[in-house]
Amino acid sequence: MLLDLLPHLVNGLTLGLLFALVALGFMLIVGLMEQINLAHGSLFALGAYFALVIVGGERSLSPWIGDAWYAVPLGVRYAVALIVAPIVVAVIGMGVEVLMRRTYGKDPLFGLLLTFGIALVIEEAIRGVWSTRDYVLQTPSGISGGFIFNDLIWSTYRFYAAGFAAAAIALVWLFIEKTPYGAVIKAGAHDNEMVRALGINLSRLRLFVFAFGTLLAAVAGIILAPIWGIRPHMGVDAVVPAFLVIVLGGIGSFWGAVIASLLCGMLVGLTGAYASEWSLLSIYLLLIAVTAVRARGLFGKKSLLEN
Amino acid sequence: MSKFKTTRRGLLKGSAMTAALAGTAVIFGPWRHNHVLAQGQKKSIKLGFTCDASGQYGNSGQDDLRGARLAIDEFNAKGGVLGRKIEWITADTETTPATGSRVAERFITREECGFLIGAVHSGVANAITQVAAKYGTIYLNTNSSAPSEAGENCSRVKFVWDGNGTNFSKAAVRNAVNSIGKNWLLLTNDYVWGHTTSESTRKQVEAAGGKIIDNLLVPQNTRDFTSYLLKVQQSKPDVVATAVGGDDIKALRTQVAQLKLDGKPAWINNQQDWPDIWGAPESLFGVFGTTWYHKLKLPGVEEFVKRWQAANKGGPIPVPGNVSYNGYVATRELLRSIERAGTTNNIAVIKQLENMKNTAADRMQHHDAFMDPVTHQVQQTIYLARRNPKPVDDTDYYEIVGQSDPSSVLDDGAPGKCKLVPHEQVPTYEL
Amino acid sequence: MLPSPKASPYLVTPAIAIVLLLLATVPFWIERIGLYPYLGVEILIWSIYALGFNLLLGYTGLPSFGHGAYFGIGAYAFGLAQFNLVPNLWVCLLVAVLAAALAGTFVSLFISHRRGIYFALMTIAFGQVFWFISIKWHSVTGGEDGLLKIRRLPADFGVMQFDLSSSNYALYYFVLVAFALVLIGLWRLVNSPYGRILQAIRQNETRVTFLGYSVWWFKVSIFTLSAAISGFAGALFAMAQTSAFPDVMSLHHSGYIVMMTLVGGGLVSFWGPVIGVFAFLLTRDLIGAFTTAWMFWFGLFFVLIMLFKPEGIAGLLRDVKNGLLARFSAPTPTPVRERGN
């Protein structure tokens with residue numbers, strides 16, 4: 001019986017890491033800039049679509065790319081997509097930040113609503129350009145397929161994705177905690193007047209954080225695309241869990257969000273095995289239960305978003 | 001409102017009420033549209049296509065439309081129907097029932113469409129049916145495979161042109177228990193269509209001497225099937241029968257293909273729609289159902305495919321599939337029924353549709369097809385297919401592994417659940 | 001910071017009277033301008049919904065992103081009451097309103113101590129829970145197939161009876177009367193002391209507490225009322241569609257009502273939500289006839305409004321009016337912008 005449980009625990013863990021990856025960019029922007037970026041989901045989707053265009057796959061997608069590019073091995077194309085697509089999305093993210101500037105200082109609700117509108121526009125634009133149909137992002141054979149362990153077939157790609165997620169979390173944490181840039185960002189969140197007084201360009205800082213956050217959203221989109229599929233409304237699959245995980249973990253807490261992601265992943269993975277009809281609803285119920293007891297989430301700190 | 005002769009009863013009620021409210025002239029009087037036509041010119045017949053262009057079934061909806069338009073063009077080339085040209089209009093029903101209601105109302109009252117065609121989502125189809133039944137407008141549900149469409153949600157004005165979940169599961173399950181194995185596991189999407197389909201599968205399996213070892217429910221919008229796939233492997237069934245549809249089956253397909261889980265156990269899926277599969281042949285797994293395939297070795301198929309391609313050059317999908325086919329056949333049969341009736345009076349056309357019979361050659365299928373007058377669902381050949389290991393070209397995704405004639409895959413439960421109102425109670429109109 | 005409103009002593013302002021009279025004439029010319037009566041019915045129903053919604057967003061500053069749930073509950077309750085209790089219009093409407101109000105009270109008990117982003121997220125969570133229930137409990141709701149064959153029950157006043165099922169015009173007038181009642185009722189509400197406290201809560205909750213009011217109780221009561229009105233609109237919609245479906249409870253649809261209310265200017269004007277509904281549904285019908293990308297343009301319009309004129313269309317109209325007034329009258333001190341003119 002317990003041995004039967006083990007694969008599901010592992011599955012829950014990998015799912016949790018994937019949730020954390022999806023929430024990473026969102027978490028940065030919320031935690032460090034105290035802005036809710038509902039366009040996170042659409043930028044997640046854009047990352048996947050841009051990667052699709054770069055990797056190719058179907059000629060109709062990118063008619064301007066010559067045959068020479070398709071001759072390049074899939075692994076190389078995929079790596080290029082993984083680097084270039086997020087950068088393009090980060091540029092778009094900077095554009096979003098510029099638009100957001102009008103809402104700083106006002107009720108955070110305005111920022112929320114503005115990004116909601118931007119999310120809608122991006123999703124409709126995606127639908128206009130790439131139509132409603134589903135696409136598949138091809139992955140290099142080295143990370144695709146399955147492997148057998150303990151008599152069960154596991155998805156190689158999923159472990160690659162989970163490993164990637166873990167690495168990304170670690171790198172972001174290192175960046176924030178251990179580098180001088182990270183220190184500046186944290187200081188800016190804590191007391192932006194002081195940061196200005198120290199001579200640091202606050203608006204450039206914010207631009208950078210937004211770019212970084214949206215870059216992570218795009219990366220998450222590319223990593224999750226082979227599992228969740230590519231379609232115009234895929235952004236909702238990202239932004240709702242991200243939002244849930246952040247509030248569950250507590251706004252302003254990096255590790256809170258990570259732990260909340262793992263918790264949600266385990267919950268979905270385990271209910272999927274033993275009470276599958278509740279698997280999707282369980283995270284909403286968890287959120288309601290936790291916030292009824294601890295209003296700020298598990299590790300939340302008092303933030304500007306509360307006023 | 002304008003062009004329709006409503007029944008005396010309806011008109012009287014309406015006028016009395018509004019006279020009471022407004023205390024003035026009857027509203028319907030002076031504002032009736034009067035179309036004064038040139039001498040000898042006959043008014044065209046307008047068809048309204050309630051097809052999705054966005055949302056989950058946006059792709060299928062548009063493919064549906066493509067097939068239907070081919071039928072219209074063919075008729076117009078021969079001079080139309082009853083000597084009248086056929087016009088058509090379409091609007092996006094957004095895979096949303098509330099939009100379906102509005103579009104149907106608009107088409108009937110503003111655009112004066114005499115007939116509505118098109119649906120994939122059962123909720124949208126039902127919303128449209130409610131509106132159509134109010135006015136007596138004939139509605140063709142071309143592509144919704146919900147068993148309830150022919151059962152408790154049937155309607156005197158609605159005709160269903162797709163096989164439903166029960167038809168497909170009957171076709172698939174019949175021999176599989178004996179040929180593959182007795183232990184079956186069900187994966188059921190946790191909504192009406194999923195449950196109805198799985199119930200039918202269960203009955204079939206148990207009748208053939210098999211056993212359902214587990215039924216895993218899959219909530220709508222599940223993107224990650226790993227826990228289900230792990231359970232499947234742990235339970236070690238002989239066959240897994242899925243009643244999973246929409247976006248969920250697409251995710252399941254991708255994940256099963258990635259794991260190369262196809263083969264052991266055997267998978268039996270329900271109907272797969274061609275627009276959903278296009279572009280991802282490697283994700284096809286198991287055995288699944290369809291009402292038609294563009295490479296069937298039957299007379300007429302090749303010509304039909306060529307005609308369709310000529311009309312749809314540069315479109316997103318290069319060959320017609322079951323969705324387009326259903327749209328084509330439905331529209332064609334409607335127009336033929338109008339011809340046979342000799343009038344556009346809706347009751348007369350309904351009666352002709354109820355008696356519709358097509359030969360196999362005419363349908364480009366293996367068996368004759370006919371309309372069941374009790375449930376208003378077309379009974380047609382059901383094909384079983386799987387991924388083609390030796391495609392002859394890059395559109396040859398399917399290998400047909402079997403076909404069932406309609407009488408062997410009848411949805412027995414439907415006639416009992418379907419209660420059609422008598423013809424006399426349907427509001428009449430004539431264009 | 002919005003200026004405080006001056007309470008209006010009138011039950012019915014000239015604006016309300018003119019609008020209602022205008023709407024009463026609509027069936028006479030709606031087809032002439034190329035529209036159709038069902039659209040009129042839908043616009044009025046959503047206007048009721050939006051007015052109820054704006055009590056929360058515009059007046060109390062509580063963003064509800066899951067309000068579709070109460071609309072949907074009203075629709076289902078109406079149908080279920082008709083099938084299982086008694087097919088009487090008034091009873092079914094009452095049941096719908098009570099069911100939605102109950103749901104609203106239940107949710108608000110959980111979340112009324114929050115506000116802002118936290119509040120918004122919790123409304124999403126509850127909205128999703130209700131949507132999920134409506135799909136899963138298909139033995140009661142019909143699931144994705146919908147709850148069908150809901151009848152437009154006759155409006156029986158004892159002395160006379162109006163048949164609402166014969167045509168959309170009949171239903172239109174009934175919905176218009178409902179709209180008028182809700183409009184006038186809410187107008188009185190927001191201009192009452194209760195309404196002023198709501199607006200005070202929006203501006204600064206802490207100060208309201210210092211003044212001795214129980215903010216929590218006000219939030220619960222207004223959420224309940226808002227849900228009740230949305231449920232009422234839902235019941236009317238069930239009559240319009242003669243069915244009820246889960247789609248109105250989806251995240252998408254809940255987002256639409258937020259957009260409509262904001263675009264119309266719900267943050268600054270009593271009429272804002274109604275203007276927004278007209279703008280949205282007319283755009284959808286008119287532009288949607290030409291292109292399936294109409295939502296893209298509307299979304300763009302919404303973004304521009306949020307960026308440059310969060311006061312919405314109502315704010316724009318007000319600017320135009322004030323601009324014209326300033327031009328054509330002798331120089332006077334700029335009048336204090338009153339709410340809900």
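Two strands are said to pair if DSSP finds at least two bridges between them. With that in hand, the pairing of β11(B) and β12 (residues 369-371) of chain B is easy to follow: two bridges join these strands, which run antiparallel. One of the matched positions involves B:Lys357, whose bridge partner in β12(B) is B:Phe370. The model described here is predicted, and the pairing just mentioned is a small part of it.

It helps to begin with confidence. The predictor gives the complex an ipTM of 0.88 and a pTM of 0.89. For chain C, the mean pLDDT is 89, and 94% of the residues reach 70 or more. Where pLDDT is low, the predicted coordinates should not be read in detail.

Chain C contains 14 helices and four strands. Its radius of gyration is 20 Å, close to the 20 Å that the globule rule gives for 341 residues, so chain C is as compact as a globular protein of that length. Along the principal axes, its C-alpha atoms fill a box of roughly 65 × 50 × 50 Å. Of the 341 residues in chain C, 55% are buried. Contacts in this chain often link distant parts of the sequence: among those between residues at least 6 apart, 75% join residues at least 24 apart.

Chain B has 14 helices and 15 strands. The radius of gyration of chain B is 23 Å, close to the 22 Å given by the globule rule for 431 residues, so this chain too is as compact as a globular protein of its length. The box filled by its C-alpha atoms, taken along the principal axes, is roughly 75 × 45 × 35 Å. Buried residues account for 59% of the 431 residues in chain B. Among its contacts with a separation of 6 or more, 71% are between residues 24 or more positions apart.

Where the two chains meet, chain C provides 32 residues and chain B provides 34 residues. On the side of chain C that touches chain B, the elements giving two or more residues are α2 (37-59), α5 (116-136) and α7 (168-190) of chain C. Sorted by class, this side has 15 nonpolar, ten polar and seven charged residues.

Within chain B, an open sheet of five strands follows the order β2-β1-β3-β4-β5, with parallel pairing. The edges are taken by β2 (86-92) and β5 (158-160) of chain B, each with a single partner strand, so one side of each is left without a neighbour in the sheet. On average, and with direction ignored, neighbouring strands of this sheet are turned by 20° against each other.

Strand β3 of chain B can be followed to partners on either hand. Strand β1 (residues 45-51) of chain B is joined to β3 (residues 115-117) of chain B by three bridges, and the two run parallel. B:Phe49 has B:Ile117 of β3(B) as its bridge partner. β3(B) also pairs with β4(B) in the parallel sense, again over three bridges. Here B:Ile117 stands opposite B:Leu140 in β4(B). Strand β4 (residues 138-141) of chain B is covered on both faces, with B:Ile138 and B:Leu140 buried on one side and B:Tyr139 and B:Asn141 buried on the other. Helix α2 (residues 58-77) of chain B lies across β1, β2 and β3 of chain B, and runs at about 165° to β1(B).

The strands β11 and β12 of the opening paragraph belong to an open sheet of three strands in chain B, ordered β11-β12-β13 with antiparallel pairing. In this sheet, β11 (357-358) and β13 (378-379) of chain B stand at the edges with a single partner strand each, so one side of each has no neighbour in the sheet.

Two further places in chain B are worth a look. In helix α7 (residues 226-235) of chain B, seven of the ten residues are buried, so this helix is largely enclosed by the rest of the structure. The buried residues of α7(B) include B:Tyr228, B:Leu229 and B:Leu230. After α7(B) comes B:Lys236, whose phi is positive, near 50°.

B:Val244 sits in the loop between β8 (239-243) and α8 (246-259) of chain B. With 27 other C-beta atoms within 10 Å, B:Val244 is buried. Apart from neighbours within four places in sequence, its contacts are B:Leu187, B:Asn189, B:Gly194, B:Val218, B:Ile249 and B:Leu252. The C-alpha atom of B:Val244 is separated by 9.5 Å from that of B:Ser198, a residue 46 residues apart along the chain.

Key:
Residues numbered from 1 in each chain as written. Chains lettered and ligands numbered in written order. Predicted model: local features only at pLDDT ≥ 70, side-chain atom pairs only at ≥ 80, totals over all residues. pLDDT = per-residue confidence, 0-100. Rg over C-alpha atoms; globule rule 2.2 N^0.38 Å. Buried ≥ 20, exposed ≤ 12 C-beta atoms within 10 Å, placed from the backbone. Contact = placed C-beta atoms within 7 Å. Nonpolar A, V, L, I, M, F, W, Y, C, P; charged D, E, K, R; others polar. Axes fitted to C-alpha atoms, helices over the stretch in contact; angles between N-to-C directions.
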